[in-house]
Amino acid sequence: MGLDQDRAARERAYSPSRWARDVEASLARQAELGARLRERHPPRRLSYGAGPREGLNLFLPEGQGPWPLMVFLHGGYWQELDAAATDFMAVPWLGRGWAFASLDYPLAPGASLETMVTACRQGMAALRREANALGLDGRLHLGGHSAGAQLALMSCLGEGRLSGIESLWLISGIYDLRPLVGTYIDAPLGLDHERAERLSPLCQDLRGLPPLCLVHGELDPPAFRAQGEALYERARAAGVAVELCPLPDCDHFDILERLDALPR
């Protein structure tokens, strides 16, 4: 296979929109659900840094706390979307008496992936510091979708890793960035093979991670499913408590609307 053919094959393999049923319809539907939620249940907008994307939308249940908290990182290949894209996901968590936060982080090309990981750690640290004042009980769970799953997991690995996270809830994630180098996906990221390896959870020591729930859809790109399965095996070998949860008849985007059956 020539270089151009190899790049084209990797671009197809790692382009979720080419495998999904109707990306635009899913994103529009989820945005509308989020807008309706914000209308009837306005979140608190909190900043954890000075930048415009260093903030979060915090949804608190009705009544008295303290409450456990799920923090969720949106996808968008580190270059698109924002916290509002996952606000709609707060509904089932609020119904179970949990608080839910959609976390913003800086995007490429204005920020590197290393900066994004640092921002996610800063956001979690701010929530931990302010837990009592916000009515939280100190139990922090972290999740993410697609690129957000990579950021959530990398936030708990290596030097400066987050500690005290109760669980990681990772949806249709990408955990090995090396196949992206040189593709159109990489253009705003500027990765080389060394940085891609350093930023790939599948290339890291996984020992000491909190319990993992790894989720992917039947209609996710096969490359994404394979990476999730590889992470499952690597985590088990490292002694991490991990559950693999494939969901039938879901693609990379509409899967976020089909998570009610998963363990909380």
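Here are some friendly notes on this predicted model, going from the whole chain down to single residues.

1. **The chain as a whole.** Let's start with the overall picture. The chain contains eight helices and eight strands. Its radius of gyration is 17 Å, close to the 18 Å that the globule rule gives for 264 residues, so the chain is as compact as a globular protein of that length. The C-alpha trace spans about 60 × 40 × 35 Å along its principal axes.

2. **Burial and contacts.** Of the 264 residues in the chain, 55% are buried. If you look at contacts with a separation of 6 or more, 75% of them join residues 24 or more positions apart.

3. **The sheet.** Eight strands make up an open sheet, and their order is β1-β2-β4-β3-β5-β6-β7-β8, with mixed pairing. At the edges you will find β1 (44-47) and β8 (242-247), each of which pairs on one side only. On average, and ignoring direction, neighbouring strands are turned by 20° against each other.

4. **β3 beside β5.** Strand β3 covers residues 67-73 and strand β5 covers residues 136-145; the two pair in the parallel sense over six bridges. For a place to begin on screen, try Trp67, whose bridge partner in β5 is Leu136. Helix α6 (residues 147-154) packs on the sheet, where it touches β3, β5, β6 (165-171) and β7 (212-217). The direction of α6 makes about 135° with that of β5.

5. **Helix α6 under cover.** How many of the eight residues of α6 are buried? The count is eight of eight, and the helix is mostly covered. The buried residues are Ala147, Gly148, Ala149, Gln150, Leu151, Ala152, Leu153 and Met154.

6. **Trp78, a neighbour of α6.** Trp78 sits in the loop between β3 and α3 (90-95). Is this side chain buried or exposed? Its relative accessibility is 0%, and the cut-off for buried is under 20%, so Trp78 counts as buried. Leaving aside residues up to four places away in sequence, Trp78 touches Ala147, Gln150 and Leu151, which are among the buried residues of α6. Its other contacts are Leu107, Ala108, Leu113, Met116, Ile174, Leu177, Leu180 and Leu189. Trp78 and Leu151 are 73 residues apart along the chain, with their C-alpha atoms separated by 9.0 Å.

7. **Aromatic rings.** The model has six aromatic pairs. In one of them, Phe72 and Trp169 have ring centres 6.2 Å apart and planes at 70°, and because an angle over 60 degrees counts as edge-to-face, that is how this pair is classed. The pair links distant parts of the chain, with Phe72 in strand β3 and Trp169 in strand β6, 97 residues apart. Phe72 is buried at a relative accessible area of 0%, and Trp169 also counts as buried, at 3%. Both belong to one aromatic cluster, together with Trp93, Trp98 and Phe100.

8. **A charge over a ring.** Towards the start of the numbering, have a look at Arg12. Arg12 lies over the face of Trp19, at 4.7 Å from the ring centre.

9. **Leu27 in helix α2.** Leu27 belongs to helix α2 (residues 23-40). With 27% relative accessibility, Leu27 counts as partly exposed. Its C-alpha atom is separated by 9.8 Å from that of Thr86, which is 59 residues apart from Leu27 along the chain.

Notes:
Residues are numbered from 1 along each chain as its sequence is written. This is a predicted model: local features need pLDDT of at least 70, side-chain atom pairs count only at pLDDT 80 or more; totals for chains, interfaces and linings use all residues. Side-chain values use heavy atoms; hydrogens and water are left out. Two strands pair if DSSP finds at least two bridges between them. Axes are lines fitted to C-alpha atoms, for helices over the stretch in contact, and angles run from 0 to 180 degrees between N-to-C directions. Contact means heavy atoms within 4.5 Å. Rings of Phe, Tyr and Trp (its six-membered ring) pair if their centres lie within 6.5 Å; planes under 30 degrees apart count as stacked, over 60 as edge-to-face and the rest as tilted. Buried means under 20% relative accessible area, exposed over 50%, partly exposed in between (1.4 Å probe, protein chains only). A charge sits over a ring if NZ of Lys or CZ of Arg is within 6 Å of the ring centre and within 35 degrees of the ring normal. The radius of gyration is taken over C-alpha atoms; the globule rule is 2.2 Å times the number of residues to the power 0.38.
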